[in-house]
Every structure is written in C-alpha cells, then in structure tokens.
Amino acid sequence: MPRYVIEREFAEQLNLTKEGVESVTLINDQEGVQWIFSFLSADKKKSYCLYEAPNPEAIRAAARRNNIPADAIIEIGGEIGPNMFS
C-alpha cells in the first residue's frame, strides 16, 4: 500500500485526547487509511503524519470527516537511513 506524508496546519494548538484519537482511527478505518505516526511542531500548530492509504483521495475523505486539515499530501517511495550504509 502506498505511503504518504501529510502536512497539517492548525489554527489553534492541537490537544489530543484518547477519545479523539479513537474517533479519528474509526473514521480512518472506514476510509481505508492507516495512521502510522506523527511529528508535532514545538508550537503544536503543525503536524507531519505518515499514513498508508490506497490514494490521496482516501486521505482527503478521512480528513474531511475528521474535520482536520490535510494541507499537503506527498506520496513517498523507499526509505533511507544512516544504518543502510553500515
């Protein structure tokens, strides 16, 4: 399944709750997308999320239903890291 990085910019600071994450996960499951992990900016107004999804449209649909932004969706290819050269 393709992987995507999603950049999200929030007007206010992002404050996650267990219930909120469970709701996002349920809607994501219904749209066929899987949230793998996210990085949050120091001011908690921007996130960079790694997702698996069949296509960008599924990510956009889940974002709309979750009422969260999806400002940029970038399909990524292979992974690189410092250990691959050891």
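This note comments on the largest pocket and on glutamate 7 in the structure above.

1. Basis. The model is predicted, so that local features need pLDDT of at least 70 and side-chain atom pairs count only at pLDDT 80 or more, while totals for chains, interfaces and linings use all residues. Residues are numbered from 1 along each chain as its sequence is written, and side-chain values use heavy atoms, without hydrogens and water.

2. Pocket. The largest pocket (an open set of points on a 1 Å grid over the protein atoms alone, where a 1.4 Å probe fits, with protein on both sides within 12 Å along at least five of seven lines) has a volume of about 390 Å³. That volume is the space filled by probe spheres set on the points, which are joined across faces, edges and corners.

3. Lining. The largest pocket is lined by 22 residues, with Phe10, Leu14, Leu16, Val24 and Ile68 nearest its centre; lining residues have an atom within 4 Å of a point. Helix H1 (18-31) is among the elements giving two or more residues, and H1 contributes the most, with 5 residues. Helices are DSSP runs (H or I) of at least four residues and strands (E) of at least two, numbered from the N terminus.

4. Glutamate 7. This residue lies in strand E1 (residues 3-9). Glutamate 7 is partly exposed because its relative accessible area is 24%, between the limits for buried (under 20%) and exposed (over 50%), with a 1.4 Å probe and protein chains only.

5. Long-range proximity. Glutamate 7 and proline 69 are 62 residues apart in sequence, yet their C-alpha atoms are 8.3 Å apart.
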